[in-house]
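Hi,

Here is the model I promised to pass on. Have a look at it first, and my notes on pockets, cores and domains follow below.

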Amino acid sequence: MSNKNWYKGNLHTHTTESDGDAEPQHVAEWYKEHGYDFLVLSDHNHLTVLDDSDGHPGKWPLLIPGEEITSRLFNNTVPVHVNGIGVKSLVEPAAEESARKTLQENIDRIRAAGGLASINHPNYKWTLTTEDIVETTGAWAVEVYNGHTGSNSNGGGGSPGVESMWDAALTAGKRIFGVATDDSHHYIQEFNAQLENPGRGWVVVQADEFSQVNLMESMSAGAFYSSSGIVIDDVKVASDEIVIEMAPYDSEKFTTVFFGEGGKQLSVEHGQSVRFVPPSTEKYVRATVYSSRESFRAWTQPLFRDA
Ligand SMILES: [Zn+2]
Ligand SMILES: [Zn+2]
């Protein structure tokens with residue numbers, strides 16, 4: 001559908017420069033070996049930069065500088081974490097009197113440092129509420145999926161999942177995207193569901209050229225989809241139509257739900273290729289794809305009618 005290329009990346013990654021169990025070089029090599037085109041090393045309050053001038057080009061994915069700005073409020077019972085993607089300098093974490101004010105200050109500091117601010121795992125220790133996300137400004141994205149075992153992305157027990165928090169922010173008129181990330185920490189032991197292993201959540205970005213500048217521009221504009229396991233061949237999100245073409249693994253089947261204002265379901269489609277004409281009455285329209293395999297999902301970015 002487009003001659004722009006798609007590039008796979010992970011936006012949230014830890015190494016031994018904070019609480020990960022492998023050196024940055026090892027982590028970068030893991031992602032390269034597993035088909036990732038770019039990677040953001042996002043250690044807690046540390047800008048991890050690898051020097052690839054040692055004559056081994058192609059050994060790592062393209063590395064976009066990043067940092068998980070990590071505020072540990074009230075003896076770390078309230079962890080406010082925001083990823084700064086593409087920050088040009090180290091950002092110090094804020095410590096305001098509330099989670100919401102701390103979140104806002106961290107977002108503002110990331111933007112001042114030239115980065116895209118992604119609100120991380122709002123339901124980790126149930127730190128952020130829907131209102132916190134609706135009432136803050138300037139965030140580029142929220143983690144609709146985070147591979148950390150404590151992220152509680154789906155909500156439950158009377159607490160909303162991040163996807164419905166995202167819908168609330170979109171309904172309030174926020175231009176905010178949904179990202180899926182690994183939040184990986186563990187690369188050394190045998191992988192299992194109790195560990196924070198890599199490869200669980202990623203984004204695929206459509207860009208004119210493969211460069212940090214182009215990837216950042218495309219991410220900033222929402223030219224990407226997010227996935228926790230579904231592979232998509234092509235996506236078109238436009239005011240005349242939304243088209244999604246999945247690439248099934250073996251006998252995998254798909255259900256795609258199109259959502260509008262208030263998170264209401266506009267349409268449910270089955271099949272490997274789906275097309276939907278977004279009604280002009282909706283402030284935004286977005287899609288979630290559900291797989292028959294495990295609980296894999298994928299998310300398109302919203303079509304904004306006011307754009
Ligand atoms: Zn975190
Ligand atoms: Zn993290």
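Which element gives the most to the lining of the largest pocket? That is S7, with three residues. Before the rest, some housekeeping: this is a predicted model, so to speak of local features we need pLDDT of at least 70, side-chain atom pairs count only at pLDDT 80 or more, and totals for chains, interfaces and linings use all residues. Residues are numbered from 1 along each chain as its sequence is written, chains are lettered from A and ligands numbered from 1 in the order in which they are written, and side-chain values use heavy atoms, with hydrogens and water left out.

**Domains**

The chain splits into domain 1 (5-228) and domain 2 (229-307), with bounds from an automatic or database domain assignment. Their centres, taken over C-alpha atoms, are 23 Å apart. Across the boundary, 24 residues of domain 1 are in contact with 27 residues of domain 2 (contact means heavy atoms within 4.5 Å).

**Pockets**

The largest pocket holds about 560 Å³ of space. It has 25 lining residues, and Tyr 145, Asn 146, Gly 147, Ser 228 and Ser 295 are the closest to its centre. For the method: on a 1 Å grid over the protein atoms alone, a pocket is an open set of points where a 1.4 Å probe fits, with protein on both sides within 12 Å along at least five of seven lines, and lining residues have an atom within 4 Å of a point. Points are joined across faces, edges and corners, and the volume is the space filled by probe spheres set on them.

Strand S7 (141-146), helix H5 (162-171) and strand S17 (297-300) each supply at least two lining residues here; helices (H or I, at least four residues) and strands (E, at least two) are DSSP runs, numbered from the N terminus. By class the lining has seven nonpolar, 14 polar and four charged residues, where Ala, Val, Leu, Ile, Met, Phe, Trp, Tyr, Cys and Pro count as nonpolar, Asp, Glu, Lys and Arg as charged, and the others, Gly among them, as polar. Each domain provides at least three residues of this lining.

The second largest pocket has about 250 Å³. Of its 17 lining residues, Gly 222, Ala 223, Phe 224, Val 237 and Gln 301 are the closest to the centre. S11 gives the largest share, three residues, and the lining comprises twelve nonpolar, three polar and two charged residues. Both domains contribute to this lining, so the second largest pocket lies between them.

**Cores**

The largest nonpolar core (buried Ala, Val, Leu, Ile, Met, Phe, Trp, Tyr and Cys residues joined through side-chain atoms within 4.5 Å) has 48 residues, and those with the most contacts inside it include Phe 38, Trp 140 and Met 219. H5 supplies the largest share of this core, five residues. Both domains give residues to this core, so it lies between them. Beyond neighbours within four places in sequence, Phe 38 is in contact with residues including Leu 11, Ile 64, Leu 215 and Met 219. A second, separate core has 29 residues, among them Val 204 and Phe 276.

In helix H6 (residues 212-221), Asn 214, Leu 215, Met 216, Ser 218 and Met 219 are buried (under 20% relative accessible area; over 50% is exposed and in between is partly exposed, with a 1.4 Å probe and protein chains only). Gly 222, which follows H6, has a positive phi, near 85 degrees.

Cheers
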